[in-house]
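Open the model in your viewer and keep the sequence panel visible. The tour goes stop by stop: select, look, move on.

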Amino acid sequence: MQVWVGLTTSDLTGLEHSPGLSFRAQSGTMQVCQGGRVLFDTASLRVHSADQVLSAEGKKVSLREPVILKTAGRTSAFYIDNLKRAGIKGAPFYRGDIRIAKSGNKVRVSLFLDLDSYLAGVLAAEMPASYHIEALKGQALCARTYALHPRLPHDLDKVNVCDSFLCCQYFAGHSAALDARIDKAISATASEVLVFDDKPILALFSSNAGGHTENYENCFSDPLTGAFPPPPLPYLKGVAEGRFAVAAGGEDFLRYLWGNRQNKTFSADAWSGKFHFLHSFSSESLEAHMHHVAEKLAGDRESAPFVVPASSGFGRILGLRVLKRGVSGVAIELSVDTDKGNWIFKKELVIRKLFENADLKLKRLNSARIFFDQDFQAAPRGAKVKTLRSLTVYGLGYGHGVGFQQQGAQGHALKGLDYRAILSHYFNGVNIEKV
Ligand SMILES: [Zn+2]
């Protein structure tokens, strides 16, 4: 099976590239093709404008029709100069054929390759190759299933998936030397995908669930309608990662997990440093940053539907309250009470972004499975209410925590579970079938 992968811009946010990208054959030359014909061979080629590509020798090709690049070997292999990928030094490297197509005053670049070759790149970017082979196999099934059923459909982009972790799963190209362990995880599970009701599932995964995974509807909005919460998915239900003495869901559960963070066998994912986190904010730092971030989130097209601002603006912060939690204790609704009114923030990613703070070099919280210690100061003379002196945020896990979690899978694999048992733990009632 083969797939089309849309390559996003260096910031991983869009599929439309400005002119300037340059394609270089790994060795020898590449064939420049258009309309099913080979036009000429060259060692490198640059996108000169949205209307034209230019070879190293100065040969021009119009982009009235898409241009396809192939190399002579069994598998085409290219470097793309002027494209950056987080975690990759220098120009990223891709195996597969490349399509360059005009799109307005920009171009779109897509890669056509074997599904399993794409999976090798995804696994290399998403999970350390040193992980247990059963955990790697579990990730391989998630990645293969995700490629067949991404959360956001890419049909209109004429690709199956894109390469960004902000939208699909991370694919930062191939390494020149393929890792044998990753290869083995993919070939040992060849063609296997996760299905429910005879259809590929939405195989979500994250890094560390901090002791308990979460229900789909508590973390994601509907990809087509934007509704939050979306209809639940029967196979994406939160599960405990250990035998716990406190019932899941409330702040007391999160405090209990936090209190046991040093016990590395307490939960399948507690061995990792990503199991917990902590940030302390002074009131000055919160006041300096949170109102800007809140207004930015309220004005941003993607987050605005999940922010309910107070009508008179964002005032001095009086305190924070989690209004609603999911089955894992994840914050679904957070109120920031200010002296100009209360602001409500919904959905885990929006809540995580609210804590962006330049003083702490913090872009977002690792997760929204959080609870607070708040220190208040007495109301100054003339003022009616107490304001916040400091805030400590305690958190568990890394990522949204829905579906498969990589570090929990590693913990289960080390205890002897195979990938089938691991996957049926994370995806309730799902079968493994061959496509
Ligand atoms: Zn995507």
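A crossing of two helices is called right-handed if the near helix is turned clockwise from the far one by less than a right angle, and left-handed if anticlockwise. Keep that in mind for the helix stops. Note also that this is a predicted model.

**Stop 1: α1 against α2**

Select residues 115-126, helix α1, and residues 133-148, helix α2. Their axes come within 10 Å and cross at roughly 120 degrees. Angles from 65 to 115 degrees would count as roughly perpendicular, and those over 145 as roughly antiparallel. α1 and α2 are therefore oblique to each other. Their crossing is right-handed.

Now show side chains. From α1, the contact uses L115, D116, Y118, L119, V122 and L123. From α2, it uses L136, Q139, A140, A143, R144 and A147. Colour this contact by class and you get 9 nonpolar residues, 1 polar and 2 charged.

**Stop 2: α2 against α3**

Keep α2 and add residues 180-187, which form helix α3. At what angle do α2 and α3 pack? The angle is about 60 degrees, with the axes 8 Å apart. α2 is therefore oblique to α3. The crossing here is right-handed.

On the α2 side, pick I133, L136, K137, A140 and R144. They meet R181, K184, A185 and I186 of α3. The class count for this contact is 5 nonpolar, no polar and 4 charged.

Look back at L136, A140 and R144. These α2 residues take part in the contact with α1, and they also meet α3.

**Stop 3: α2 against α8**

Stay on α2 and add residues 419-426, helix α8. The two helices pack at about 55 degrees, and their axes are 8 Å apart. That makes α2 oblique to α8. This crossing, too, is right-handed.

Select E134, K137, G138, L141 and C142 on α2. Their partners on α8 are Y419, I422 and L423. By class, the contact has 5 nonpolar, 1 polar and 2 charged residues. K137 is worth a label: it meets α8, and it is listed in the contact with α3 as well.

**Stop 4: the zinc ion**

Select the zinc ion. Which residues coordinate the zinc ion? They are H154 through NE2, and C162, C167 and C168, each through SG. The distances run from 2.1 to 2.4 Å. Angles among the 4 donor atoms are 102 to 116 degrees, and the site is tetrahedral. Follow the donors along the chain and you read the spacing H-x7-C-x4-C-C.

**Stop 5: two backbone details**

Most residues other than glycine have a negative phi, and most peptide bonds are trans. Two spots here go the other way.

Go to D198, in the loop between β15 (192-196) and β16 (199-200). D198 is not a glycine, yet its phi is positive, about 65 degrees.

Then select F228 and P229. Their peptide bond is cis, with omega about 0 degrees. P229 sits in the loop between β17 (205-206) and α4 (251-259).

Note on methods: Residues are numbered from 1 along each chain as its sequence is written. This is a predicted model: local features need pLDDT of at least 70, side-chain atom pairs count only at pLDDT 80 or more; totals for chains, interfaces and linings use all residues. Side-chain values use heavy atoms; hydrogens and water are left out. Axes are lines fitted to C-alpha atoms, for helices over the stretch in contact, and angles run from 0 to 180 degrees between N-to-C directions. Helices (H or I, at least four residues) and strands (E, at least two) are DSSP runs, numbered from the N terminus. Angles under 35 degrees count as roughly parallel, over 145 as roughly antiparallel, 65 to 115 as roughly perpendicular and the rest as oblique. Contact means heavy atoms within 4.5 Å. Ala, Val, Leu, Ile, Met, Phe, Trp, Tyr, Cys and Pro count as nonpolar, Asp, Glu, Lys and Arg as charged, and the others, Gly among them, as polar. Donors are N, O and S atoms within 2.8 Å of the metal (3.2 Å for Na, K and Ca); water is not among the atoms, so sites may look incomplete. Four donors count as tetrahedral if all angles lie between 85 and 135 degrees; four count as square planar and six as octahedral if opposite donors are over 155 degrees apart and all others between 65 and 115; anything else is irregular.
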